[in-house]
Amino acid sequence: MSTALVLFRRDLRLIDNPALAAACSAHAGILPVYIHTPGENDPWPAGAASRWWLHHSLTSLQTELRRLQGSLHLREGDSLCILRDLIKQSGAATVYWNRRYEPAAIACDTRIKAALRDHGIEVQTYNAALWREPWQIANQQGEPYRVFTPYWRNLRAQLESTPPPAPEPSESRWIKLPGSVPLRALQLLPTIRWDGEMNKTWRPGETGARQMLEAFCHEALGDYAQARDLPARHGTSRLSPHLHFGEISPRQIHFALLQHARRLDVRQRPDIEPYLRQLGWREFAHHLLYHFPHTPMENFNSRFDGFPWQPPDDALLTRWQRGRTGIPLVDAGMRELWHTGWMHNRVRMVVASFLTKNLRQHWHHGAHWFWDTLVDANLANNTLGWQWVAGSGADAAPYFRVFNPVAQAKKFDPQGMYLRRWLPELAQLPLDLLHEPWRDPSQLTGRGYPSPMIDLAESRKQALAAYQASKMQ
Ligand SMILES: Cc1cc2nc3c(=O)[nH]c(=O)nc-3n(C[C@H](O)[C@H](O)[C@H](O)COP(=O)(O)OP(=O)(O)OC[C@H]3O[C@@H](n4cnc5c(N)ncnc54)[C@H](O)[C@@H]3O)c2cc1C
């Protein structure tokens with residue numbers, strides 16, 4: 001009767017969990033474990049919104065395991081010490097886990113693996129988070145890709161040979177040990193309850209992820225290519241936090257889309273390529289983070305190292321963070337983020353451009369704020385997103401592309417529904433003023449909405465001049 005330990009981390013699901021499936025097929029007894037180790041993710045410990053999600057996702061995993069007569073053994077502390085303790089108590093000779101890709105996580109897992117193997121414990125690791133491992137995709141010179149389109153062409157061609165997702169394990173193979181701490185002891189939830197809107201918006205956990213995917217397939221997939229840029233619509237899948245915590249795998253999503261499309265009549269069949277391509281960006285972000293692990297802190301493109309950012313300005317940053325810049329689309333996005341822990345991708349680009357170009361604050365400040373407030377905060381995607389907008393990243397938008405928040409709002413929120421939703425002070429304004437309220441200052445009196453903190457055209461000009469000057473050096 002061999003026993004194995006399965007260590008859950010960012011793979012908080014039972015279906016299509018390769019480490020869990022492999023352990024279940026090889027061992028009679030399984031001990032499912034989650035160890036809370038905030039210090040091991042430095043310098044990127046989970047932010048407040050991520051901790052909120054994690055609490056609920058672990059609750060959901062506990063419920064799912066209980067349904068199968070099992071239970072999640074929960075601990076807090078040093079991973080290696082706790083694993084050694086559990087191995088001793090359970091008599092397990094093998095530890096299973098799914099791999100992670102952040103530099104700190106890789107260093108931690110490498111250290112733990114070596115220490116366990118030194119003590120004769122076998123360690124088996126798997127890929128649960130990506131279609132392909134970052135090292136499995138290389139260009140013709142055998143090097144990592146730096147440009148998305150050829151990367152995607154290579155990866156897309158390999159997707160057809162992906163095996164189907166694995167089912168959840170069967171019941172009655174679970175081991176239970178004393179010493180598990182209650183979830184609340186991890187203190188993941190905020191003490192000041194700012195999470196009211198988040199509770200209404202999300203259902204963290206494996207079941208919530210599947211429901212979100214199903215709703216997306218039925219309600220938005222067919223129109224995704226057109227609607228994905230409209231922040232007022234539910235035109236995207238909102239699966240990013242579920243993907244980040246591993247409550248659903250990209251392989252499950254791919255198969256679900258294929259199955260959904262096959263069930264429909266040929267003439268109604270949705271084109272799933274635009275959506276797969278976005279998941280391709282997620283894979284590309286992980287490819288970049290793995291091969292260029294310095295990029296969460298340093299420019300991918302070192303030519304930006306001498307760029308003349310403005311000194312950090314707390315007053316400016318606070319207005320941006322709180323959605324009080326006086327630029328409606330920027331403020332609407334920042335308030336959506338504050339209240340729900342999520343922001344539409346189009347608006348993420350606009351608020352990031354405003355911070356790094358109009359205000360010329362370093363992209364680090366934005367990346368850190370997103371890290372604390374996003375429920376989908378993900379080191380690979382966040383680094384790619386910020387460096388892409390700032391112009392310093394791999395395959396990035398050129399620096400001279402400065403998003404104009406007014407033009408963006410007129411194009412992607414033409415009826416102002418998104419603006420009215422997140423800016424109640426402006427909700428009664430006529431459409432032309434809603435997009436540019438400063439055009440009639442008398443209309444702003446008594447509404448409590450600020451006038452613009454910066455002149456968009458002038459600050460754009462200054463940003464471009466700074467960019468030109470830094471190129472000359
Ligand atoms: C400045 C900035 C910061 C960002 N930070 C994050 C972050 O911390 N975490 C995060 O998951 N995404 C981040 N993104 C990417 C993107 O905004 C979100 O993935 C997307 O908005 C999530 O919504 P969705 O699930 O409805 O996306 P959908 O449109 O439904 O896309 C499906 C999935 O594809 C992936 N995806 C989509 N667009 C991108 C993209 N541009 N880059 C990488 N993956 C993508 C996501 O996993 C997403 O869930 C950032 C983008 C920008 C511009």
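Here is a short walk through the model, from its domains to one sheet and then to the ligand.

Before you click, remember that this is a predicted model: local features need pLDDT of at least 70, side-chain atom pairs count only at pLDDT 80 or more, and totals for chains, interfaces and linings use all residues. Residues are numbered from 1 along each chain as its sequence is written.

**Domains.** Colour domain 1 (3–127), domain 2 (129–163 + 206–291) and domain 3 (302–472); the bounds come from an automatic or database domain assignment. The centres of domain 1 and domain 3, over C-alpha atoms, are 38 Å apart. Their contact (C-beta atoms, placed from the backbone, within 7 Å) takes eight residues from domain 1 and nine from domain 3.

**The sheet.** Next, show the open sheet of five strands, ordered 3-2-1-4-5 with parallel pairing. Strands are DSSP runs of E, at least two residues, and helices are runs of H or I, at least four, numbered from the N terminus; a pair needs at least two DSSP bridges. Strand 3 (73–76) and strand 5 (122–126) are at the edges with a single partner each, so one side of each has no neighbour in the sheet. Zoom in on Asn98, whose bridge partner in strand 5 is Tyr126.

**The ligand.** Now select the 28 residues around the ligand, each with its C-beta atom, placed from the backbone, within 6 Å. The closest are Thr236, Ser237, Ser240, Asn382 and Gly385. Which helix gives the largest share of the shell? Helix 16, with six residues; highlight 379–390 to see this helix. Domain 2 and domain 3 each supply at least three residues to the shell.

Conventions:
Two residues are in contact if their C-beta atoms, placed from the backbone, lie within 7 Å.
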